[in-house]
Amino acid sequence: MKTISNFENKKVLVLGLARSGQAAARLLAKLGAIVTVNDGKPFDENPSAQALLEEGIKVVCGSHPLELLDEDFALMVKNPGIPYSNPMVAKASEKQIPIWTEVELASLVSDAPIVGITGSNGKTTTTTMIAEVFNHAGQSGLLAGNIGFPASEVVVEASANDTLIMELSSFQLMGVNSFKPHIAVITNLEPTHLDYHGTFEDYVAAKWNIQNHMTASDYIVLNANQGITHQLAKQTKATVIPFSTIEEVDGAYLKEGQLFYQGELVMAAKDIGVPGDHNIENALATIAVAKLSGISNHVIQETLSTFGGVKHRLQDAGSVRGVSFFNDSKSTNILATQKALSGFDNKDLILIAGGLDRGNGFEELSSHITNLKAMVVLGETADKLAEIAKAANVPVEYAKDVADATRKAYELAEVGDTVLLSPANASWDMYKNFEVRGDEFLLTVDSLKGATHE
């Protein structure tokens, strides 16, 4: 970690805790800042705030008093999920206090080069693939960012011999100022999080912040399957490396079932360790980053062929008496479920779907569920999903929760079939988050294994 003096004796407000807020507060204190943490959770119920107070960091909990901003703060570091319409953030903006997210702070002190990955879908899988390729090659790729490892925490121990493999959300990228990865990846761009950003154009603009300070000596890996990226490619100083599953490009591409990089055969698409057309795209993006980093085809092939996926993202949960189970709880929107379905043969597939009702219909999913063996639906959107299933002549059953849905799907299945949890909805109607939902699926599969002594 670099030692910098930018924050010495300067007052900094960290708004919102969670792991990234804690990491930012500790890093700022280490850099000599006078840190105040403000979190809405009451102090008595806030062990994170209690720990920071014990470390000598000022904490203000239980509310967000606007008068706190009358202090002479040089910077606000906010939790990425807090919108800019929040009164505290809005007042800081009025007072012209710079507003960052903690990835900006981490980048300022990083000795390690950064590979930054963002996109609407596939970024967690791609980030994990890249890190595994780096580590298999002996290059020490450290997972960081939106993937569950706060960048401000990881960077403290990282050296110039490491590389930060950093997943970045649009929320995080709205709060960067001088952030500059050496390699950036945008997996794809689809209309998501519009409740936060307002418009697709504003969402794209947030993602595009990833390349604001990149130069011709840096690389941006873009999905050439999408028309929007052809326009964006003309708006960056970085060297553009495309990837595509539909045409040969001057980067990574799929041709006749084989994956190439700039004309050089790397591996067969069928050898990728996780199913689905979208995972071919994720693998191509990974190949581009690996080749730019001097990693051999042999290492790439070995890593991607044994890649077992990411927990809750098309995770292979094993089999019970010839029935396979896949946990795709992280598919919280229709596009993600469409992509998941592309990796399976519908006639042997039972889909578990449903969750939080955000007011949308599911007509876009209709063509993707044709010939499904069955659907098991649950949650607030169960009726909407049952409607499209019946219209497609797909047998449908209702379930009270994921455990019930998993057992019902297993009862419907025969040897050679697959049960896929890919909800196409957020989890918050029934579960705290998609991880809890996915864990219930995994535990139920394990109980089925135990009951059959398999």
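What follows is a chat between a colleague and a modeller about salt bridges, a sheet and cavities in this structure.

Modeller: Before we start, this is a predicted model, where local features need pLDDT of at least 70, side-chain atom pairs count only at pLDDT 80 or more, and totals for chains, interfaces and linings use all residues. Residues are numbered from 1 along each chain as its sequence is written, and side-chain values use heavy atoms, with hydrogens and water left out.

Colleague: What makes Glu 153 and Arg 19 a salt bridge?

Modeller: The term asks for a side-chain nitrogen of Lys or Arg within 4 Å of a carboxyl oxygen of Asp or Glu. Here the N to O distance is 2.9 Å, so the pair qualifies. The structure holds 18 salt bridges.

Colleague: Which parts does the pair of Glu 153 and Arg 19 tie together?

Modeller: Glu 153 sits in helix α6 (residues 151-157) and Arg 19 in helix α1 (residues 18-30), so parts 134 residues apart in sequence are tied together. Helices (H or I, at least four residues) and strands (E, at least two) are DSSP runs, numbered from the N terminus.

Colleague: Why is Glu 153 called partly exposed?

Modeller: Buried means under 20% relative accessible area and exposed means over 50%, with partly exposed in between (1.4 Å probe, protein chains only). Glu 153 has 40%, so it falls in between. Arg 19, at 43%, is partly exposed too.

Colleague: How do you know that Lys 58 and Glu 71 meet in a salt bridge?

Modeller: Their N to O distance is 3.4 Å, and that is within the 4 Å limit, so the name fits. The pair links distant parts of the chain, with Lys 58 in strand β3 (residues 58-61) and Glu 71 in the loop between β3 and β4 (75-78), 13 residues apart. Lys 58 is partly exposed at 39%, and so is Glu 71 at 24%. Lys 11 joins Lys 58 and Glu 71 in a network of salt bridges.

Colleague: What makes Asp 446 and Lys 449 count?

Modeller: At 3.9 Å, N to O, they are still within 4 Å, so they count. Both lie in helix α16 (residues 434-451), 3 residues apart, about one turn of the helix.

Colleague: Why are β15 and β19 called edge strands?

Modeller: The sheet is open, with 6 strands in the order β15-β16-β20-β17-β18-β19 and mixed pairing. β15 (315-320) and β19 (396-398) each pair on one side only.

Colleague: How do you know that β18 and β19 pair?

Modeller: Two strands pair if DSSP finds at least two bridges between them. β18 (residues 374-377) and β19 have 3 bridges, in the parallel sense, so they pair. One bridge joins Val 377 to Tyr 398 in β19. Helix α14 (residues 382-391) packs on the sheet, touching β17 (349-353), β18 and β19; contact here means heavy atoms within 4.5 Å.

Colleague: What makes a space in this model a cavity, and how many are there?

Modeller: On a 1 Å grid over the protein atoms alone, a cavity is a set of points where a 1.4 Å probe fits but cannot get out. Grid points are joined across faces, edges and corners, and a volume is the space filled by probe spheres set on the points. The count comes to 5 cavities of 30 Å³ or more, and the largest has a volume of about 50 Å³.

Colleague: Which residues line the largest cavity?

Modeller: Lining residues have an atom within 4 Å of a point; among them are Asn 121, His 278, Arg 313 and Asp 328. Helix α13 (residues 334-341) gives the most to this lining, with 3 residues.

Notes:
Axes fitted to C-alpha atoms, helices over the stretch in contact; angles between N-to-C directions. 1 Å grid on protein atoms, 1.4 Å probe; cavity = no way out; pocket = protein on both sides within 12 Å on 5 of 7 lines; lining within 4 Å.
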